[in-house]
Amino acid sequence: LDVPLEGNIKVSNISFTYPETGIKAIDNVSFEIKKGETLAIIGRTGSGKSTLANLLLRMYDADQGSISYDQQAIQSFSFDSLRHQVGFVPQQVFLFSDTIANNIAFGLDVADQDLVEQAAKDVAVYDNIIAFDEGFQTHIGERGITLSGGQKQRVSIARALIKDPEILIFDDCLSAVDTKTEEEILNNLSRIMDNKTSIFIAHRISTIKNADHILVMDQGKIIEEGTHEEL
Ligand code: ATP
């Protein structure tokens, strides 16, 4: 099934235990996100946030319960279809020894320089990049320069944004960015994601203050939920 996703997500009573370790990482979790909404998921380390993101991307299938996109069971979408339509910024940044431009354009058929530069501006890393002698053609990695942790995170977000997906999941991907830059990025993201669905997994409250709805997780369960004002 390769129907374009609109961006509605429904999760009903899902549970998931990692088969290798027997750890029950998700325990009877339910929530719903409508197209255009921003959901935030917070909770201490090990509470199951990343596992939830992995289940939404179908890296694993839940043991119980159901996940649907636009009222279609997640099982009707291939892993590839979801990977193309659900943007994901992982917690661990993965960059290649290649140019910055190619790292941002990774996954696109054509690396359009205007799109690459726009994505870099949206994540507030453009000025850092053009300050290098070779700008966007600067090589990073093994035989190139080393970016700071925050710059790497921003390149990783730009890589997801450039594909312009209807749904974007950000897994704690602003942790190494200072709060002022974070605010600039979040303002840009809320403009870009205005009509799109986004999920922010975060540790810092500052990352999630614009969310329509917040879930607080602990030991695989949702222990609290509401808006920023309610919590
Ligand atoms: P953090 O904030 O540190 O990223 P988290 O809330 O995202 O944590 P998860 O990474 O989802 O939490 O982990 C939930 C539980 O599942 C933890 O007990 C963790 O040890 C376990 N777990 C996570 N990944 C795996 C895996 N690949 N195999 C086995 N157990 C795992």
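## Helix H1 and the residue after it

Right after H1 comes Arg58, and its phi is positive, near 60 degrees. Most residues other than glycine have a negative phi. Helices here are DSSP runs of H or I with at least four residues, strands are runs of E with at least two, and both are numbered from the N terminus. This is a predicted model, in which local features need pLDDT of at least 70 and side-chain atom pairs count only at pLDDT 80 or more, while totals for chains, interfaces and linings use all residues. Residues are numbered from 1 along each chain as its sequence is written.

H1 itself is mostly covered, with 6 of its 8 residues buried. The buried ones are Lys49, Thr51, Leu52, Ala53, Leu55 and Leu56. Buried means that 20 or more other C-beta atoms lie within 10 Å of a residue's own; with 12 or fewer it is exposed, and in between it is partly exposed, the C-beta atoms being placed from the backbone.

## Around the ligand

H1 (residues 49–56) also turns up at the ligand, where it gives the most to the surrounding shell, with 3 residues. There are 14 residues around the ligand, and Tyr18, Thr45, Lys49, Ser50 and Thr51 come nearest. A residue counts as near a molecule or strand if its C-beta atom, placed from the backbone, lies within 6 Å of it.

Sorted by class, the shell has 9 polar, 3 nonpolar and 2 charged residues. In that scheme Ala, Val, Leu, Ile, Met, Phe, Trp, Tyr, Cys and Pro are nonpolar, Asp, Glu, Lys and Arg are charged, and the others, Gly among them, are polar.

## The whole protein

The protein has 7 helices and 10 strands. Its radius of gyration is 18 Å, close to the 17 Å that the globule rule gives for 231 residues, so it is as compact as a globular protein of that length. That radius is taken over C-alpha atoms, and the rule is 2.2 Å times the number of residues to the power 0.38. Along the principal axes, the C-alpha atoms of the protein fill a box of roughly 55 × 40 × 35 Å.

Buried residues make up 39% of the 231. Of the contacts with a separation of 6 or more, 70% are between residues 24 or more positions apart. A contact needs two C-beta atoms, placed from the backbone, within 7 Å.

## Helices H4 and H7

In helix H4 (residues 113–122), Val116, Ala119, Ala120 and Asp122 are buried. Seen down the axis of H4, these buried residues fall within an arc of 160 degrees, so they line one face of the helix. The arc is that of the directions from the helix axis to the C-beta atoms. The face of H4 turned away from the buried side carries the exposed residues Gln113 and Asp114. What covers the buried residues of H4 includes helix H3 (100–105), helix H5 (126–130), helix H6 (149–161) and H7. Ala124 follows H4 with a positive phi, near 60 degrees.

Over in H7, the buried residues are Glu182, Ile185, Leu186 and Leu189. Viewed down the axis of H7, they fall within an arc of 100 degrees, so they line one face of the helix. On the other side of H7, Lys180, Asn187 and Arg191 are exposed. Asn188 also lies in H7 and is partly exposed, with 16 other C-beta atoms within 10 Å. The C-alpha atoms of Asn188 and Lys121 are separated by 9.1 Å, with their positions 67 residues apart along the chain.

## Strand E9 and two loops

Ile214 sits in strand E9 (residues 213–218) and is buried, with 22 other C-beta atoms within 10 Å. Leaving out residues up to four places away in sequence, Ile214 touches Ala40, Ile42, Ile208, Glu225, Gly226, Thr227, His228 and Leu231. Ile214 and Ile42 are 172 residues apart in sequence, yet 7.4 Å apart in space, C-alpha to C-alpha.

In the loop between E9 and strand E10 (221–226) you'll find Gln219. Its phi is near 45 degrees, a positive value in a residue other than glycine, and Gln219 is partly exposed, with 14 other C-beta atoms within 10 Å. Asp70, in the loop between strand E4 (64–69) and strand E5 (72–73), also isn't a glycine and has a positive phi of about 45 degrees. Asp70 is partly exposed, with 15 other C-beta atoms within 10 Å.
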